[in-house]
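Student: I'd like a close look at one part of this protein, with the side chains and their neighbours spelled out. Could you walk me through it?

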Amino acid sequence: MSASPHNLNSRNSVSLDSFENSFDEALDNIEINPVRGYHIDNSLNNSNRITDFDIDENFEMRSVLEDEEHFDNDGHPLMRDRTRSNASTLNSRYNKYNNVSGSRSVTGYTPSTIGVGLKKWFVNVKTAISSGWKDYSTSVALGDEHTEREVHPGTTQVYDRHRFPSNEVSNAKYNAVTFLPTLLYEQFKFFFNLYFLLVALSQAIPALRIGYLSSYVVPLAFVLTVTMAKEASDDIQRRRRDRESNMELYEVLGRPRPVASKDLKVGDLIKISKGARVPADLILLQSSEPSGEAFIKTDQLDGETDWKLRIACTLTQNLNEDDLLEKITITASAPEKSIHSFLGRVTYKDTNTSGLTIDNTLWANTVLASSGFCIGCVIYTGRDTRQAMNTTSAKVKTGLLELEINDISKILCACVFILSILLVVFAGLHNDDWYVDIMRYLILFSTIIPVSLRVNLDLAKSVYAHQIEHDKTIPETIVRTSTIPEDLGRIEYLLSDKTGTLTQNDMQLKKVHLGNVSYTTETADIVSDYIQGMIESKNDSVTNLGPRSTTRKDAATHVIDLITTLAICHNVTPTFEDDELTYQAASPDEIAIVKFTESVGLSLFKRDRHSMSLLHEHSGTILNYDVLTMFPFNSDTKRMGIIVYDKQKDQYWFLQKGADTVMNRIVANNDWLEEETGNMAREGLRTLVIGRKKLTKKIYEQFKKEYEEVSASMYNREQEMANTISKYLEHDLELLGLTGVEDKLQKDVKSSIELLRNAGIKIWMLTGDKVETARCVSISAKLISRGQYVHVVTKLSKPEGAFNQLEYLKVNKNACLLIDGESLGMFLKYYRQEFFDVVVHLPTVIACRCTPQQKADVALIIRELTGKRVCCIGDGGNDVSMIQCADVGVGIVGKEGKQASLAADFSITQFCHLTELLLWHGRNSYKRSAKLAQFVMHRGLIIAICQAVFSVCSQFEPIALYQGWLMVGYATCYTMAPVFSLTLDHDIDESLTKMYPELYKDLTEGKSLSYKTFFVWVALSFYQGLVIQGFSQTFTSLAEIDFTKMVAIGFTALIFNELIMVALEIYTWNKTMIITEIVTLAIYVFSVPFLGEYFDLKYISTLKFITELILILVVSIFPVWLTKAIYRRLNLPSYAKVQEFSTV
């Protein structure tokens, strides 16, 4: 029996409203029988084990009547029988449960999990009924992504050792079995490699065989051997690093001997000492510090260099080893990618429960920084760890030059087919085997598509990477992606972060504003005087955070209020390393504020999880506060807070600081905050709003109770916690003041930006900072030039009329656009194409309040709509997405850590190094590769033309002119070194690239390698091939008896022609170039006596041979040189003009 939606909707006798009300009530009272469906197997081998049973991981709603069959009389939903034909598709995995203590499960899906899942399912039922079942067909899956795992130290790793992934690290791409097949597939999926393979294999067919098999196999084998050797070497290095990591030994509680990292299991309790790497994702259960605190370094995980504070769970901090192994249960959420969030709870003796957060975790690949040791329980291993889930295979980037060469190679391929067909047509199609002749010609002319082109370019890229990394003007530069150095010379858009990229990320508090008065670093002595007298101030003393008077306070008390709050409201921890006091914090802004309070006489002396001590330096008095609750800063809330207890006055205070955009609605009404925030931002200062609120003990106790309850929740915990904070704390805060922190510009930022703009590069600054701050920094950094109009677009949330805001920019394309994240998001959603059609032509765009995703979206859209090369540069974790989406990603190693640097293609230490990278190395890499590619093509074309001339003159017979070693040697030891030495050439001096940055525009226009230059080289090859082969045949003959003479003079002319052509193409000679020319010539001369199989050696030793050779070379090269000289004189290139001007 089934019911259609129409029938269901027709049941008007049931009131839907009353049904919804009763249904909501029922949802809140759902109870799940935790043992329903269990079957106990009391066999000897499975004592106390709960065997496989049928719990569906998927609950689906097909129709009301169908599911009514699955409810029993007591109202509990039953699990469906997996044999029913109309049941939902079931997951084939089963869950094994171990009955360790009573009826609790060891791992897998807990009763609460199933309850949450069923509750969601019932909500879907209600939604379906409310909507009349229209177009409603859904399922609620209780898969790994929706369920938590339950871990029992001491038993989980035994009974469920096969349930969770191995902890073995493997970054190797190949193994002994897959290495050869995988590598061959990767090589031959490219058309040209496959083409050469087919040519080589064709020589196994007698009818297609031309010359020696080695002539075609050896070049391809050489390329494959070089590639395989490089891949094998890289993979061996990866395996060595993996082995070192996997074989690290760790002390595991309950084990007689240390355990290797790869053998660790979920549920193991590990003891970690200072400096040790965390091998898997752990829950921190105990610390050697009585407070339960431990510091970790996370730079290899998130790139941030500041130490992070982690706290052992209070429930387990003081338990002995036996209790840890036998009496606790840890419930952890399903594995996820976020390294900044975690949900879990720990239960002791099935009664006491405490919530777990990110503060209780030690993620894999972090390092314990604090002294002593800590004990953690493994909850995620292998691919389930946060580090593994955030590790993605690096995307292989293809340079623009390679794409251009690929297009040209297609033309060459077409030329081969056309030439082969034409020769057969001219020979006449009367031959029954004409198609065989076409195949033979295809093989003969295969040199037109040089097999060595790819290996030459790959080796050249390695040379460029080495030159960049060893450039003393840009020390510590690292090339992480060696496949795209040529793209450094083709950049047309530069997308840059602000903080830490254009600025130093070295914060200094420059100003504090209290509403009616402000103090700067120049007037800090006045603040110091106020702080000096704060101990003697008994009336409403801020020393004890006393209550504010309803009357207006004097200036001193007001300053003391603000400075004391600044000294307390932060997440900074003082640490001693090598007897030196340093501050550790996630934000450099907070360290700047704490250093400021120290400079005016109120220092952070000591801090742990539960208390904080301030030192009043003038009197030597220690001011103690109990830290009751911390609310850390994150990018979502944009604020941080703290609840402290003043022991002297028995008072509770909630202190908070944050961005003005969120604090505006939290602090009490005022008439100055918005105006002063704008004023500070225009000075280029980063602002924070400071507020506080006094709490009664009763209010605090109520807050504490409710907050602890929601903190242990496994469902919607974050939102519930935020609601509780808002309910009790975040309203009507007393506004104490405003701080302004300065972030200075990096070295030579102004001159670098000016150089890049003169080079024709359009610069976009994408920042999360305020509009006024970004504008101020842009002006000081010369992003906005003097007199340039700045068109501001902000607070656009609706598409109606929004595009009219850009009308001015359509006319004035030299203006600068300043846009905020809200408006940018609106344009990206509604007017993406129209918006970018206008703004891509602007010299500068500044986007403020941008999210990391918006930064990445901008990079992708510019690439997609313009087809131009985009470079993105940043220094923080919020820039990683943008960097990875760019054609060229540049990371700066800064105070925010190495995350951006590790994700980038190129890593530098300062923004000013970018000019050297683009204007000098980009220029050289592009021009050298362009010349190298065309020369390699010329080398293949000229010998193919010789073959074509010979075939035409020999009555269109597909006979090989040069065979065996001659073909192999021509592409390798006889010409390769001089041609490859072009990778060391440069057309202008390094200093001129910065003196005349406009030269960079020639590179972005792609003039060094274009269809024009390609066809010039084709014409050159055609002329020289015609001359060399024509004169060779003239001086000898086509008779069989003179064949070796013709080959001798023709091949020798080819070698000398290439060596001389290389010499003519070099702009700047060096020792390496001279050596390669001389050594290559010597190799050929000394190898001639061994080439008697191909040459007539008697003929070579005659004066006639030398005379004829010189004549061929003169006719082949002199007209080319003369034409080039005349053209250069009439059409002097930009770099030549610069060279001439610089020498005058």
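Student: To be specific, which residue lies over the face of Phe-373, and at what distance from the ring centre? From there, please carry on to the other ring contacts, and then to a strand, a helix and a loop that I can follow in the viewer.

Tutor: Happy to! Please keep in mind that this is a predicted model. The residue you are asking about is Lys-271, which lies over the face of Phe-373 at 4.2 Å from the ring centre.

Now for rings that meet other rings. Searching the whole structure gives 29 aromatic pairs. One of them is formed by Phe-827 and Phe-835, which are stacked, with 4.8 Å centre to centre and 15° between the planes. Both Phe-827 and Phe-835 are buried. Another pair, Phe-950 with Phe-1043, is tilted: the centres are 5.9 Å apart and the planes make an angle of 55°. This pair links distant parts of the chain, since Phe-950 belongs to helix H29 and Phe-1043 to helix H35 (residues 1043–1065), 93 residues apart. The two partners differ in cover: Phe-950 has a relative accessible area of 5% and is buried, whereas Phe-1043, at 25%, is partly exposed. There is also a cluster held together by ring pairs, made up of Tyr-962, Trp-965, Tyr-970, Tyr-974, Phe-1051, Tyr-1084 and Phe-1095.

Helix H29 (913–953) comes up again when you turn to helix H21, as one of the elements that the buried residues of H21 pack against. The others are strand E20 (491–496), strand E32 (762–766) and helix H32 (990–995). H21 itself spans residues 749–758, and its buried residues are Val-749, Ser-752, Ile-753, Leu-755 and Leu-756. Because they cover an arc of only 160° around the axis, these residues sit on the same side of H21. After the helix comes Gly-760, with a positive phi near 90°.

Next, the strand. E28 (residues 639–646) is mostly covered, with eight of its eight residues buried. Arg-639, Gly-641, Ile-643 and Tyr-645 point one way, while Met-640, Ile-642, Val-644 and Asp-646 point the other way, and all are buried. E28 has antiparallel partners: six bridges join it to strand E27 (residues 621–631), and eight bridges join it to strand E29 (residues 651–658). To place the strands in your viewer, find Phe-631 opposite Gly-641 of E28, and then Ile-642 opposite Leu-655 of E29. E28 and E29 form a hairpin with four residues between the strands, and there Asp-650 takes a positive phi near 55°.

Finally, the loop. Asp-887 is found between helix H27 (880–885) and strand E37 (888–892). Is this residue buried or exposed? Its relative accessibility is 5%, so Asp-887 counts as buried. Its side chain makes a polar contact of 3.0 Å with the side chain of Arg-863. A polar atom of the Asp-887 side chain also lies 2.9 Å from the backbone nitrogen of Val-870. If you leave aside neighbours within four places in sequence, the residues in contact with Asp-887 are Lys-397, Ile-484, Arg-863, Lys-868, Arg-869, Val-870 and Asp-905.

Conventions: Residues are numbered from 1 along each chain as its sequence is written. This is a predicted model: local features need pLDDT of at least 70, side-chain atom pairs count only at pLDDT 80 or more; totals for chains, interfaces and linings use all residues. Side-chain values use heavy atoms; hydrogens and water are left out. Buried means under 20% relative accessible area, exposed over 50%, partly exposed in between (1.4 Å probe, protein chains only). Helices (H or I, at least four residues) and strands (E, at least two) are DSSP runs, numbered from the N terminus. The arc is that of the directions from the helix axis to the C-beta atoms. Contact means heavy atoms within 4.5 Å. Two strands pair if DSSP finds at least two bridges between them. Rings of Phe, Tyr and Trp (its six-membered ring) pair if their centres lie within 6.5 Å; planes under 30 degrees apart count as stacked, over 60 as edge-to-face and the rest as tilted. A charge sits over a ring if NZ of Lys or CZ of Arg is within 6 Å of the ring centre and within 35 degrees of the ring normal. A polar contact is a pair of N or O atoms within 3.5 Å; within protein, one must be able to donate a hydrogen and the other to accept it, and residues adjacent in sequence count only if both atoms are side-chain atoms.
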